[in-house]
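Open the model in your viewer and keep the selection tool at hand. The stops below say what to select next and what is there.

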Amino acid sequence: MRFAVRSSLQYDVKSPAVFILNVEAAALHRQRIIVESLTLNPAFPIERFADDEGGSRFIRVNAEPGPFHVSYHAVVEVDMIDEAPESIQELPVGDLPLDIMPYLYPSRFCQSDLLGRFARREFGEIEPGHSRVTAICNWIHDHVDYVRGSSDSQTSAYDTMVLRAGVCRDFAHLGIAFCRALIIPARFASGYAWQLDPPDFHAVFEAYLGGQWYLFDATRQAALQGLVRIGVGRDASDAAFATIYGDAEFKGMSVGIDAVDGDAEAEEPTTRAVSVA
């Protein structure tokens, strides 16, 4: 399917500041960028750098004081792998590629070491594989309330477990922490999510199963087949849409995604295994 994505960010820069932006669609084998444009107003010079492993594309901007507006538009073709979940198994840790190993470790927002005892008791007896990660998502959906404003940028998976409330970022962090506690590599993923209401940057997570990354969304608020990936990382700190060094006030944003295929129809969250690897 093809999707038209767009985002707009507005800031009031108080003093010279450095912006690290991550709003462009990721460059992936099964996610092809047909056309795109990035506009800065004022048109400050930019530097680009990319994460070849995860496809994330970052921009560094040195912004001067005053209003600052970032606008991104793209048409992206997404060719998801759609498989039967029961055929996808976990890999023994001794068989994991070495570059996947960091996604087993606890991170700032995904304290798998603190949640390990609960994860093993709750999910340890479930048949290993895609179905076990799905069971994790089911548990989070059933036991954590989706409440806007219930968390902030410092909320961790452990906090969410205690509060039992959060937003997509928190649901993803908790899923990642549970997976890592069960020796399933997992990582945070941000994206433009088709059918998400209201439109926003959306957070999901990916688990490494059977030799590739599969998408999971414990919120069940968007169709995984319609996720245009932006960035991945150990947790949200690696995939923020904007990281700012300096004094800048956030003034607002808008995000959107539309299917541009003539025969596209609304889809329910999938029960199939979905990957963009």
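## Stop 1: a residue in a strand

Select alanine 193, which is found in strand E10, residues 186-193. The model you are looking at is a predicted one. Alanine 193 has a relative accessibility of 5%, so it counts as buried. Now show what surrounds this residue. Leaving out residues up to four places away in sequence, alanine 193 touches His202, Ala222, Gly226, Leu227 and Ile257. Add valine 5 to the selection: it is 188 residues from alanine 193 in sequence, but the two C-alpha atoms are 9.1 Å apart in space.

## Stop 2: glycine 252

Next, select strand E15, residues 248-259, and find glycine 252 in it. Which residues does glycine 252 touch, if those up to four places away in sequence are not counted? They are Ser8, Leu9 and Gln10. Draw a distance from the C-alpha atom of glycine 252 to that of leucine 9; the separation is 6.1 Å, although their positions lie 243 residues apart along the chain.

## Stop 3: helices H1 and H2

Select helix H1, residues 112-123, and helix H2, residues 130-143. Two packed helices are described by the angle between their axes and by the distance between those axes. For H1 and H2, the axes come within 11 Å and cross at roughly 110 degrees. Angles from 65 to 115 degrees count as roughly perpendicular, so H1 is roughly perpendicular to H2.

Show the side chains where H1 and H2 meet. From H1 come Phe118, Glu122 and Phe123, and from H2 come Arg132, Ala135, Ile136 and Trp139. Sorted by class, the residues of this contact of H1 with H2 are 5 nonpolar, no polar and 2 charged.

Stay with H2 for a check on its length. With 14 residues at 1.5 Å a residue, H2 should span 20 Å, and its end C-alpha atoms are indeed 20 Å apart. Then colour the buried residues of H2: His130, Arg132, Val133, Ala135, Ile136, Cys137, Trp139 and Ile140. What covers these buried residues of H2? The cover includes H1, helix H3 (157-163) and helix H4 (168-181), together with strands E11 (201-209), E12 (212-216) and E16 (273-275).

## Stop 4: helices H1 and H4

Keep H1 selected and add H4. The axes of H1 and H4 are 8 Å apart, and the helices pack at an angle of about 75 degrees. H1 and H4 are therefore roughly perpendicular to each other. On the H1 side, the contact is made by Ser112, Leu115, Gly116, Phe118, Ala119, Arg120 and Phe123; on the H4 side, by Leu174, Ala177, Phe178, Arg180 and Ala181. By class, the contact of H1 with H4 has 8 nonpolar, 2 polar and 2 charged residues.

## Stop 5: two cysteines

Select cysteine 137 and cysteine 179. How many disulfides are there? The count comes to 0 disulfides. A disulfide needs two cysteine sulfur atoms within 2.5 Å, and the sulfur of cysteine 137 is 7.1 Å from the closest cysteine sulfur, that of cysteine 179, so the two are too far apart for a bond. Cysteine 179 is likewise in no disulfide. Buried or exposed? Cysteine 137, at 6% relative accessibility, counts as buried. Cysteine 179, at 0%, counts as buried.

## Stop 6: loops

Four loop residues remain to be selected in turn.

- Proline 42 lies in the loop between strand E3 (31-41) and strand E4 (46-50). The peptide bond that leads to proline 42 from asparagine 41 is cis, with omega near 0 degrees.
- Proline 198 lies in the loop between E10 and E11. The peptide bond from aspartate 197 to proline 198 is cis, with omega near 0 degrees.
- Isoleucine 183 is in the loop between H4 and E10. Its phi is near 65 degrees, a positive value in a residue other than glycine. With a relative accessible area of 47%, isoleucine 183 is partly exposed.
- Arginine 220 has its place in the loop between E12 and strand E13 (227-233). Arginine 220 is not a glycine, yet its phi is positive, at about 55 degrees. At 36% relative accessibility, arginine 220 counts as partly exposed.

How values were computed
Residues are numbered from 1 along each chain as its sequence is written. This is a predicted model: local features need pLDDT of at least 70, side-chain atom pairs count only at pLDDT 80 or more; totals for chains, interfaces and linings use all residues. Side-chain values use heavy atoms; hydrogens and water are left out. Buried means under 20% relative accessible area, exposed over 50%, partly exposed in between (1.4 Å probe, protein chains only). Axes are lines fitted to C-alpha atoms, for helices over the stretch in contact, and angles run from 0 to 180 degrees between N-to-C directions. Helices (H or I, at least four residues) and strands (E, at least two) are DSSP runs, numbered from the N terminus. Angles under 35 degrees count as roughly parallel, over 145 as roughly antiparallel, 65 to 115 as roughly perpendicular and the rest as oblique. Contact means heavy atoms within 4.5 Å. Ala, Val, Leu, Ile, Met, Phe, Trp, Tyr, Cys and Pro count as nonpolar, Asp, Glu, Lys and Arg as charged, and the others, Gly among them, as polar. The expected span of a helix is 1.5 Å times one less than its number of residues.
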